[in-house]
Amino acid sequence: MEKELNLIRENALSQIESSKDTLSLDDIRVKYLGKKGSLTQVLKSLGNLDAEKRKEVGILANKIRNELEEKIKDKKDLLKIKEINEKLQNEKIDISMSKKCSKKIGHKHPLTIVLDDIKEIFMGMGYSIFEGPEIETTYFNFDALNAPIDHPSRDLQDTMYVTDDICLRTQTSPVQVRTMLNKKPPLKVICPGRVYRSDSVDATHSPMFHQVEGLVVGENVSMADLKGTLELFAKKYFGEDTKIRLRPHHFPFTEPSCEVDVSCFVCGGKGCRVCKKEGYIEILGAGQVHPNVLKAGGIDPEKYTGFAFGLGLERIAMTKFGVTDMRYLYENDKRFLEQF
Ligand code: DAH
């Protein structure tokens with residue numbers, strides 16, 4: 001194990017040393033020190049060793065962890081200075097230029113473009129929009145969604161808590177229950193908003209991102225209605241030839257649950273770079289609303305049924321616009337934003 005640790009240390013140090021910008025340095029940090037990073041994995045596996053060995057290896061692993069953290073910090077400081085200097089070099093303002101420059105009017109952020117398109121499609125199908133709070137009780141975020149206190153999504157590692165029973169919502173699903181407590185069925189809503197998870201920043205993760213929840217409750221609402229609705233949405237959003245595919249999955253608040261893929265809008269399902277040769281791209285989670293969730297919303301599950309779905313805006317925007325790194329969406333760099 002010591003050998004493995006020293007190898008991790010050497011590899012990490014040389015990658016830190018040769019990293020050229022702060023983005024790739026972030027990736028290196030995640031690779032070694034992130035939740036699933038190789039050093040973290042070693043620390044997690046210490047429990048399998050006997051006490052004496054555990055202490056020895058634990059001390060070494062923590063020493064390496066501290067060393068890597070420090071090296072990453074130093075390198076980050078250096079790279080930041082380098083990046084600022086490069087920016088200053090490249091973005092000099094010519095103060096001798098005539099002041100007759102035209103004022104540029106801004107435009108919608110790519111995430112807003114995607115959200116507006118989604119809203120328009122669902123409003124066309126008779127949905128209304130309902131919003132809930134970003135600071136949410138653990139009751140609405142978990143319990144009311146059939147995820148009791150011992151559910152793994154409530155782990156301190158995953159969820160940002162304000163107090164023991166108030167958190168930053170980890171999903172827009174709590175708005176399902178808030179809607180049911182406010183409106184009588186039949187109801188059809190979409191609920192867009194920001195959600196938060198304790199994730200490190202990398203090309204595909206951010207501690208804050210956006211979701212859109214959908215909820216339909218009425219008499220005899222079935223999985224077939226869910227499929228028809230999502231198929232119509234996919235065709236309108238990604239193009240008339242788009243097909244969808246439902247794969248069985250598990251969510252505590254739906255039964256049955258599924259994940260939904262759309263046929264790749266670039267290659268039409270043949271397999272290409274955008275769909276990573278799969279032919280299909282995963283876009284959302286969905287299912288038939290669990291009777292316990294209907295009950296939490298004050299709705300009689302014997303009389304009414306429903307379906308729900310939740311999609312990630314960033315994921316849809318990145319697929320649709322071919323954005324390869326999520327961080328671009330939050331950096332407010334005009335050169336990126338102007339392309340949409
Ligand atoms: N809340 C889920 C998540 O954040 C997404 C989701 C899955 C929402 C299935 C739903 C659903 O309404 O039915 O991963």
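The protein chain carries 11 helices and 10 strands, and keep in mind that this is a predicted model. Two spots get a closer look here: the second largest pocket, whose lining takes residues from both domain 1 and domain 2, and strand β8, which is largely enclosed by the rest of the structure.

**Overall build**

- The C-alpha trace of the protein chain spans about 75 × 65 × 45 Å along its principal axes.
- The protein chain has 340 residues, and 41% of them are buried.
- Take the contacts between residues at least 6 apart in sequence: 67% of these join residues at least 24 apart.

**The second largest pocket**

- If you're thinking about volume, the second largest pocket holds about 650 Å³ of space.
- Its lining is made up of 17 residues. Lying nearest the centre of the pocket are T22, E83, K87, E331 and D333.
- Three elements give two or more residues each to this lining: α2 (22-33), α4 (51-90) and α11 (334-337).
- Helix α4 provides the largest share of the lining, with seven residues.
- Which class of residue dominates the count? Charged ones: the lining has 11 charged residues, next to four nonpolar and two polar.
- Domain 1 (2-90) and domain 2 (110-337) each supply at least three of the lining residues.

**Strand β8 and its neighbours**

- Why call β8 (residues 254-263) largely enclosed? Eight of its 10 residues are buried, so the rest of the structure largely closes it in.
- On one side of the pairing list is β7 (residues 244-251), which runs antiparallel to β8 and is joined to it by seven bridges.
- β7 and β8 make a hairpin, with two residues between the strands.
- To get your bearings in that hairpin, look for P248, which stands opposite C258 in β8.
- The other listed partner is β9 (residues 280-289), again antiparallel to β8, with eight bridges joining the two strands.
- For a landmark in this second pairing, find T254, which stands opposite V289 in β9.
- As background for viewing any of these strands, side chains in a regular strand alternate between the two faces of the sheet.

Technical notes
Residues are numbered from 1 along each chain as its sequence is written. This is a predicted model: local features need pLDDT of at least 70, side-chain atom pairs count only at pLDDT 80 or more; totals for chains, interfaces and linings use all residues. Side-chain values use heavy atoms; hydrogens and water are left out. On a 1 Å grid over the protein atoms alone, a cavity is a set of points where a 1.4 Å probe fits but cannot get out, and a pocket is an open set with protein on both sides within 12 Å along at least five of seven lines; lining residues have an atom within 4 Å of a point. Grid points are joined across faces, edges and corners, and a volume is the space filled by probe spheres set on the points. Helices (H or I, at least four residues) and strands (E, at least two) are DSSP runs, numbered from the N terminus. Ala, Val, Leu, Ile, Met, Phe, Trp, Tyr, Cys and Pro count as nonpolar, Asp, Glu, Lys and Arg as charged, and the others, Gly among them, as polar. Domain bounds come from an automatic or database domain assignment. Buried means under 20% relative accessible area, exposed over 50%, partly exposed in between (1.4 Å probe, protein chains only). Two strands pair if DSSP finds at least two bridges between them. Contact means heavy atoms within 4.5 Å.
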